[in-house]
Amino acid sequence: MPFSRRRFLRHSALATTTLIAAPAIFRSGAFGAENPIVVGSLHDQSGPIAASGTPMVYALQLAVDEINAGGGLLGRPLKVIHYDTQSNIQMYSQFAQQLAVKDKVDVVHGGITSASREAVRPTFDRFKVLYFYNVLYEGGVCDRNTFCTGTTPAQTVEKLVPSAMKKAGKKAYIIAADYNYGQITAKWMTKYVKDNGGEVLSTDFFPLDVTNFGTTISKIQAAKPDLILSALVGGNHTAFYRQWTSAGMKGKIPIASTTFGLVNEPSTLDAAESDSILGAYGYFEELTTPASKSFVEKIKKAHPDSPYVSELAACTYEGVMLWAAGVKKAASIDRMKVIAALEDGIAFDGPSGKVSLDKPTHHTTRNAFLAEVKDRKWSVLESYSDVKPADTASVCDLVKNPNDTKQYIINL
């Protein structure tokens, strides 16, 4: 029996509570509102990461609505408690504790930057709250309490770098965000450049609040690379692409990026600033499969002003559905029973295609796609089916070492 409406609570940094949807009105009988399964949500809906976080919230809300419309889980409705973390790591730490201790949620889906993930993961481990991180990232997290549903460098960067080198040449210049995602992704870029017979001329890192790239552009011009590999992150770093074009460099040195598009760059930049940039992800809004088209249509019908629906949104939707499949299989909301069920061959056919959980690593085997920006949209060039998350640096095996909580980092 479906639930008639949804409950989705959003909390601000001031701990005030507003409703981003009407309060739930649950049907009588076994589906009473007094005993919901509580889902925690930590996503940025303000600040420089908001264009990434907002569609993730919409995707989570869509998944919960669909589950509730189908009767909920275990005869109980889902209730979401959401905090806008405001692109602020301190807020992540504060609200992770709130979700675990005060709200007593059954699972958390959230985090965007790798810094935010590492700010909250120890809290959920400590308080034994199941955690889903639904974001592409640098790889290596090995934690039985955590499931990472987004792509890793072995699934996307390994495809992006040789494709860019084939198009442009062997000499690369890397620019990346100055925190763990950018630093570790730059190592993966370096590995794949060298694996394909190339060299990295220089690697520059930038804090997330940097907006002036004039000095760096001059350095790149002097270095004369064949291509730029970018792992810049967030709305502030979008300024690089504008300044690159203003300097007359667009079209002279190609750019391939592991992050371009995640804060809506193709539609917010002019075509002259974004055309021909290469990217590789586990999902693009432009995919024409029925599942993808339906997913995008549902989000944009409910939220006409939604930013670009990227891999982050697709993985969030798929992450919630994978968790729900685990609860159903476990016939319980008990954390360890759900983890055991998730490790036992759980898969879901979502907007990106079939997504299956990998037992030893708690990552996903999923499709990957290579695309190029054309006229402010992505044009998919190549598709790769059932790409495994494992990589040469990964020594994660949660079957042999179930108490592991490390993040393994590539050594060059």
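## Aromatic contacts: exercises

The charged end of Lys159 sits over the ring of Tyr384, 5.3 Å from its centre. The model is predicted.

**Exercise 1.** Find the ring that Arg117 lies over, and give the distance.

*Solution.* Start from Arg117. It lies over the face of Tyr133. The distance to the ring centre is 4.9 Å.

**Exercise 2.** Classify the aromatic pair of Phe240 and Trp244, then place both residues in the fold.

*Solution.* Step one: count the pairs. The structure holds 18 aromatic pairs. Step two: take the geometry of Phe240 and Trp244. Their centres are 5.6 Å apart, with 25° between the planes. Planes under 30 degrees apart count as stacked, so this pair is stacked. Step three: locate the residues. Both belong to helix 7 (residues 239–246). They are four residues apart, about one turn of the helix. Step four: check burial. Phe240 has a relative accessible area of 0% and is buried. Trp244, at 1%, is buried too.

**Exercise 3.** Classify the pair of Tyr281 and Trp378, and work out which parts of the chain it ties together.

*Solution.* Step one: the geometry. The ring centres are 6.3 Å apart and the planes stand at 80°, so the pair is edge-to-face. Step two: the elements. Tyr281 lies in strand 12 (residues 278–281), Trp378 in strand 16 (residues 377–387). The pair therefore ties together parts that are 97 residues apart in sequence. Step three: burial. Tyr281 and Trp378 are both buried.

**Exercise 4.** Which aromatic cluster holds Phe240, Trp244, Tyr281 and Trp378?

*Solution.* These four belong to one aromatic cluster. Its other members are Phe206, Phe213, Tyr241, Phe260 and Phe284.

Key: Residues are numbered from 1 along each chain as its sequence is written. This is a predicted model: local features need pLDDT of at least 70, side-chain atom pairs count only at pLDDT 80 or more; totals for chains, interfaces and linings use all residues. Side-chain values use heavy atoms; hydrogens and water are left out. Rings of Phe, Tyr and Trp (its six-membered ring) pair if their centres lie within 6.5 Å; planes under 30 degrees apart count as stacked, over 60 as edge-to-face and the rest as tilted. Helices (H or I, at least four residues) and strands (E, at least two) are DSSP runs, numbered from the N terminus. Buried means under 20% relative accessible area, exposed over 50%, partly exposed in between (1.4 Å probe, protein chains only). A charge sits over a ring if NZ of Lys or CZ of Arg is within 6 Å of the ring centre and within 35 degrees of the ring normal.
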